[in-house]
Amino acid sequence: MAKQLLLTGASGYIGGDVLVALGRLAAAGAVALTLFVRDADAVAARVRADLGLPAAVVPAGTPVDGIAVVAGTYEDRAVFGAAIRAADIVVHTGDAADSAAAAAVLAAELAGWPAGRDLLLIHTSGTAILVDPAENDRASSRVWDDVADIRAITAWPAGRPHGTIDQTILGIHRTAPGGVRTLVVAPPLVYGRGRGPGNQRSQQVPTLIGAVAALGRNAIVGSGRAIWGNVHVQDLSALYALLVRTYLEAPHRLAYNADGYYFASAGEHAWRSLTVALDAPLVRHGVVAADRTSADGTAVFSAADYRALLDRGTAVLPSFFVTNSRSRATRARALGWAPTRESLAATLDDEVRRFVGA
Ligand SMILES: NC(=O)c1ccc[n+]([C@@H]2O[C@H](COP(=O)([O-])OP(=O)(O)OC[C@H]3O[C@@H](n4cnc5c(N)ncnc54)[C@H](OP(=O)(O)O)[C@@H]3O)[C@@H](O)[C@H]2O)c1
């Protein structure tokens, strides 16, 4: 029987695209996939209809051949635990960087893992962990490298975004038996059209477009000089598939546990360049008038505009778009990961078009 791979978040943006990438491994017989989702019937129907893959709903803990769907939430310890115990590989994408409940169940299950049985956990974090408020609103020259800086990266205090959950995951190997191995994938800003059966849109760029639309004008947040890494969702899911394939074929080539931290950055953008690149698509699709653009980055959101953003409940927005998060994916590239998809700027017309529903 093929190795049993449990995937969380298949109805989400990253997990849905990872499903497509792993679907090819499943079709080749390298793994059997179990999707752990909240609405199993809906996901199974969409996987069959949209992706053309034969997915049936099964109870948690059932070994599968091909693709199956299990209904559950992370908060339901019994069901999530049973699904984990049936797995040889767990790829955790759904709310992974944010759900302490999921991390706690994974840590508890793996602490009690049977000696002599192998398990790989691929956890999803995010490079928001690199954000240092002291560097806000200027271009940071600090680029974090997942080989050279591994000790600093894996020791962030819990107060950083995703820090508490990272520490739970990074601590698993200290209590679990030797057959359990963990690694963390930390994507920067993810962009582009997902191919999964559920959510196909990311978070940051659609949020920015939504705020600009609500305010009726495009403008720079702060100085716009701060810099983030980015990756196309399909390049990101290719990395997950590469990690799984390498684990199956040449497991010694991967870094695990205390060294198992993989940045997934392909490109970079300054927030200013993103705002300027949005001007033309925003006008083209009627989101802002031609005289309400960023005017090549000379228009800046005022204090009143900031308050309006905050009042819309997007409290994270103004602060997020002045942060830096620069990372170098040395481990992934050493494995042969080579992003090929279009740049962030090249996807903005499609993002705005999807925003207006065209
Ligand atoms: N998108 C990015 O740019 C980005 C960058 C770096 C890191 N990340 C991190 O990557 C993770 C996934 O992001 P995403 O953009 O793919 O998010 P998303 O589209 O919102 O997907 C979240 C997924 O998690 C599932 N989920 C949430 N709570 C659950 C629970 N209690 N039990 C079971 N399933 C649950 C959702 O299921 P339902 O469909 O049932 O709601 C959905 O499948 C997040 O932790 C995010 O912080 C994202």
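Begin with the enclosed spaces of this predicted model, where the count comes to three cavities of 30 Å³ or more. The largest cavity has a volume of about 70 Å³, and to find it you can select Gln4, Leu5, Leu6, Thr34, Gly61, Thr62, Val70, Ala83, Ala86 and Ala87, which line it. If you then colour strand β1 (residues 3-8), you will see the element that supplies the largest share of this lining, namely three residues. Colouring the lining of the largest cavity by class should give six nonpolar residues, four polar residues and no charged ones.

Next, select Leu208, Ile220, Val221, Gly224, Trp271, Arg272, Thr275 and Phe321, the residues that line the second largest cavity. The space inside the second largest cavity is about 40 Å³, and helix α10 (residues 271-284) provides the largest share of its lining, with three residues. By class, the lining of the second largest cavity is made of five nonpolar residues, two polar residues and one charged residue.

Now step back to the whole chain and give each domain its own colour. The chain is divided into domain 1, which takes in 3-192 + 230-265, and domain 2, which takes in 204-229 + 268-326 + 336-350. The centres of domain 1 and domain 2, taken over C-alpha atoms, are separated by 29 Å, and the contact takes 28 residues from domain 1 and 28 residues from domain 2.

Keep the domain colours on while you turn to the pockets. The largest pocket holds about 1,100 Å³ of space, and of the 45 residues that line it, the closest to its centre are Ile14, Asp95, Ala97, Asp98 and Gln203, so these five make a convenient selection. The elements that give two or more residues to the lining of the largest pocket are α1 (13-27), β2 (31-37), β9 (189-191), α8 (204-215) and α12 (316-320), and α12 gives the most, with four residues. In terms of class, the lining of the largest pocket divides into 19 nonpolar, 21 polar and five charged residues. Where does the largest pocket lie with respect to domain 1 and domain 2? Both domains give residues to its lining, so the largest pocket lies between them.

For the second largest pocket, select Ala21, Arg24, Gln234, Ala238 and Ala241, which lie nearest its centre among the 14 residues that line it. The space in the second largest pocket is about 200 Å³. Both α1 and α9 (233-249) supply at least two residues of this lining, and the largest share, six residues, comes from α9. The lining of the second largest pocket has six nonpolar, three polar and five charged residues. The second largest pocket also lies between domain 1 and domain 2, because both of them give residues to its lining.

Return now to α8, one of the elements that contribute to the lining of the largest pocket. At 1.5 Å a residue, the twelve residues of α8 should span 16 Å, and a distance drawn between its end C-alpha atoms comes to 17 Å, which agrees. Is α8 largely enclosed or largely open? Nine of its twelve residues are buried, so α8 is largely enclosed by the rest of the structure. To see the buried residues, select Gln204, Val205, Pro206, Leu208, Ile209, Gly210, Ala211, Val212 and Leu215. Among them is Leu208, which also lines the second largest cavity. Moving past the helix, you reach Gly216, which follows α8 and has a positive phi, near 75°.

The next stop is Ser325, in the loop between α12 and β13 (327-328). Ser325 is buried, with a relative accessible area of 1%. To show its surroundings, select Thr127, Ala128, Leu130, Val131, Ile227, Trp228 and Gly229, which Ser325 touches when residues up to four places away in sequence are not counted.

Finish with two loop residues whose backbone angles deserve a look. His162 lies in the loop between α5 (150-153) and α6 (163-170), and its phi is near 70°, a positive value in a residue other than glycine. Asn257 is found in the loop between α9 and β11 (261-263), and the phi of Asn257 is also positive, near 55°. Is Asn257 buried or exposed? Its relative accessibility is 17%, and because buried means under 20%, Asn257 counts as buried.

Technical notes:
Residues are numbered from 1 along each chain as its sequence is written. This is a predicted model: local features need pLDDT of at least 70, side-chain atom pairs count only at pLDDT 80 or more; totals for chains, interfaces and linings use all residues. Side-chain values use heavy atoms; hydrogens and water are left out. On a 1 Å grid over the protein atoms alone, a cavity is a set of points where a 1.4 Å probe fits but cannot get out, and a pocket is an open set with protein on both sides within 12 Å along at least five of seven lines; lining residues have an atom within 4 Å of a point. Grid points are joined across faces, edges and corners, and a volume is the space filled by probe spheres set on the points. Ala, Val, Leu, Ile, Met, Phe, Trp, Tyr, Cys and Pro count as nonpolar, Asp, Glu, Lys and Arg as charged, and the others, Gly among them, as polar. Domain bounds come from an automatic or database domain assignment. The expected span of a helix is 1.5 Å times one less than its number of residues. Buried means under 20% relative accessible area, exposed over 50%, partly exposed in between (1.4 Å probe, protein chains only). Contact means heavy atoms within 4.5 Å.
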